[in-house]
Amino acid sequence: MAAEPVEEPRKQKPKRARRGPGPFTLLVLPGLVALIGVAGFLAYNGGLDDAWPQGPGPDQTATTNVDASYIPWLRKAVADCTVVKPSVLAAQIDRLSGWSNDTGELSGEKGIAAFTDAQWKKWGKDDDGNGRSSPRDPADAMMALGRQDCSLAEKVTDLRTEGTVSGDLVNLTLAAYASGTDAVVKAGRVPADAEAYIDEVKSLSSRYKSVDRESSGGAVNQVPGAVLAAPVGNLTVTSPFGSREHPLTGVTKLHTGVDFASPQGAQVSAASKGQVVFAAMTKAYGNRVVIDHGTIDGKRLETTYSHLLALQVSVGQAVEVGTPVGLVGSTGLSTGPHLHFEVVLDGFYTDPLPWLRPST
């Protein structure tokens with residue numbers, strides 16, 4: 001029988017000679033003990049609410065962990081997603097890597113969004129146009145995570161619409177990310193093993209609320225005047241800008257534009273001169289056009305046109321006021337023919353109505 005290996009004893013540090021009590025022990029320590037005792041008494045009786053805060057103050061819950069240059073990418077990554085907010089995306093990254101590009105190397109996960117090579121092959125692109133697609137490129141990583149989240153959000157939205165699963169769509173999306181869509185389907189709701197991840201992400205998201213487009217910051221939404229032409233002939237509003245419950249998904253969130261009642265096939269026109277930066281079919285908005293109008297008072301102005309029956313422009317095309325961009329339809333998540341029209345100023349949604357000149 002082989003002998004058991006003998007563990008080598010740890011080397012003992014030489015003992016230091018004992019000394020008598022020093023000045024700190026004799027003079028400072030008694031006062032410190034007394035001070036702690038008084039503080040404990042006051043805290044117990046409610047006397048130290050301000051001096052001894054039990055949690056981070058408002059300034060500590062701001063977006064202290066995220067580089068300001070990342071914020072436009074966070075917003076862009078989920079711009080066409082009706083479920084995931086930029087603050088949730090930021091919280092996921094915080095949870096995954098703490099915004100560090102050097103974490104997870106041993107597990108094969110790379111970059112701030114912790115993508116494996118296999119995951120990156122599916123979701124990664126060269127979104128910032130620097131000639132390379134890399135999970136260690138923060139812009140590429142944020143956009144890829146947004147694509148993954150929005151894809152999962154579409155799946156769980158469909159599953160909930162079909163009655164296969166139930167629950168909050170944000171929770172279901174995060175659960176699908178953490179545990180997989182199959183696990184969500186099997187449970188019919190958020191599976192138990194995803195609850196801790198959801199709690200962590202939701203807790204972290206509170207520090208990134210200012211990243212959300214709904215938090216406009218006040219001045220950025222100031223309207224310089226009615227500078228946009230009506231995109232449709234009839235400006236009858238069926239659903240205004242503001243918080244509402246979505247008629248199909250049941251989610252209460254910001255309605256990012258205004259809905260104008262128009263018959264199927266009615267003409268939709270560019271509200272101002274600019275360049276088309278997006279023109280394609282999306283899951284939520286159906287056929288959607290986004291036009292960049294340049295800057296007003298140093299702020300970037302964009303308009304969007306959604307749920308179109310057909311597209312009449314393409315990306316890169318220059319348009320003038322009144323250029324046909326599409327036809328009114330009911331594509332995407334829509335209950336009937338209408339135009340969903342948005343005004344985006346410096347990345348923030350703003351109420352379109354004050355921007356519009358009445359149609360003539």
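**Figure 1. Strand S8 and its partners S11, S7 and S10.** In this predicted model, strand S8 and strand S11 (residues 338–345) run antiparallel and are joined by six bridges. One pairing to look for is Thr303, whose bridge partner in S11 is Val343. Strand S10 (residues 324–328) also pairs with S8 in the antiparallel sense, over three bridges. Here Leu311 stands opposite Gly326 of S10.

**Figure 2. The hairpin of S7 and S8.** Strand S7 covers residues 286–296, and strand S8 covers residues 299–311. The two pair in the antiparallel sense, with seven bridges between them. Find Val289, then look across to S8: its bridge partner there is Tyr305. Two residues separate the strands of this hairpin. Asp297 sits in the turn and has a positive phi of about 55 degrees.

**Figure 3. Ser272 in the loop between S5 and S6.** Strand S5 (267–269) and strand S6 (274–282) are linked by a loop that contains Ser272. Is Ser272 buried or exposed? Ser272 is buried, because its relative accessible area is 16%, and buried means under 20%. Which residues does Ser272 contact, leaving aside its neighbours within four places in sequence? They are Leu228, His293, Val319, Glu320 and Val321.

**Figure 4. The aromatic pair Phe260 and Phe341.** This pair is tilted. The ring centres are 6.5 Å apart, and the planes make an angle of 35 degrees. Phe260 belongs to strand S4 (residues 258–261), while Phe341 belongs to strand S11, so the pair ties together parts that are 81 residues apart in sequence. Both Phe260 and Phe341 are buried.

**Figure 5. The aromatic pair Phe115 and Trp120.** The structure holds six aromatic pairs. Phe115 and Trp120 form one that is edge-to-face. Centre to centre, the distance is 5.3 Å, with 70 degrees between the planes. Both Phe115 and Trp120 are buried. A separate view can show an aromatic cluster made of Tyr70, Trp99 and Tyr208.

**Figure 6. Gly108 in the loop between H3 and H4.** Gly108 lies in the loop that links these two helices. With a relative accessibility of 27%, Gly108 counts as partly exposed. Which residues does Gly108 touch, not counting those up to four places away in sequence? The answer is Phe115, Thr116 and Asp117. Ala118 is ten residues from Gly108 along the chain, and their C-alpha atoms are separated by 9.9 Å.

**Figure 7. The two sides of helix H8.** Start with the buried residues of H8: Tyr197, Ile198, Val201, Leu204 and Ser205. Why are they said to lie on the same side of H8? They cover an arc of only 135 degrees around the axis, which puts them on the same side. An α-helix has 3.6 residues a turn, so residues three or four places apart point the same way. On the other side of H8, Asp199 and Ser203 are exposed. The buried residues of H8 pack against H3 and H6.

**Figure 8. The largest nonpolar core.** This core has 46 residues. Leu74 and Trp99 touch the most other members. Which elements give two or more residues to this core? They are helix H2 (71–77), helix H3 (86–97), helix H4 (117–123), helix H5 (138–162), helix H6 (169–179) and helix H8 (195–205). H5 gives the most, with ten residues. Another core, of 25 residues, lies apart from this one. Its members include Ala266, Val268, Ala279 and Trp355. In soluble globular proteins, nonpolar side chains tend to be buried together.

**Figure 9. Two buried cysteines.** Cys81 has a relative accessible area of 10%, so Cys81 is buried. Cys150 counts as buried too, at 12% relative accessibility. How many disulfides does the structure have? The count comes to zero.

Definitions and conventions:
Residues are numbered from 1 along each chain as its sequence is written. This is a predicted model: local features need pLDDT of at least 70, side-chain atom pairs count only at pLDDT 80 or more; totals for chains, interfaces and linings use all residues. Side-chain values use heavy atoms; hydrogens and water are left out. A nonpolar core is a set of buried Ala, Val, Leu, Ile, Met, Phe, Trp, Tyr and Cys residues joined through side-chain atoms within 4.5 Å. Buried means under 20% relative accessible area, exposed over 50%, partly exposed in between (1.4 Å probe, protein chains only). Helices (H or I, at least four residues) and strands (E, at least two) are DSSP runs, numbered from the N terminus. Two strands pair if DSSP finds at least two bridges between them. Contact means heavy atoms within 4.5 Å. A disulfide is a pair of cysteine sulfur atoms within 2.5 Å. The arc is that of the directions from the helix axis to the C-beta atoms. Rings of Phe, Tyr and Trp (its six-membered ring) pair if their centres lie within 6.5 Å; planes under 30 degrees apart count as stacked, over 60 as edge-to-face and the rest as tilted.
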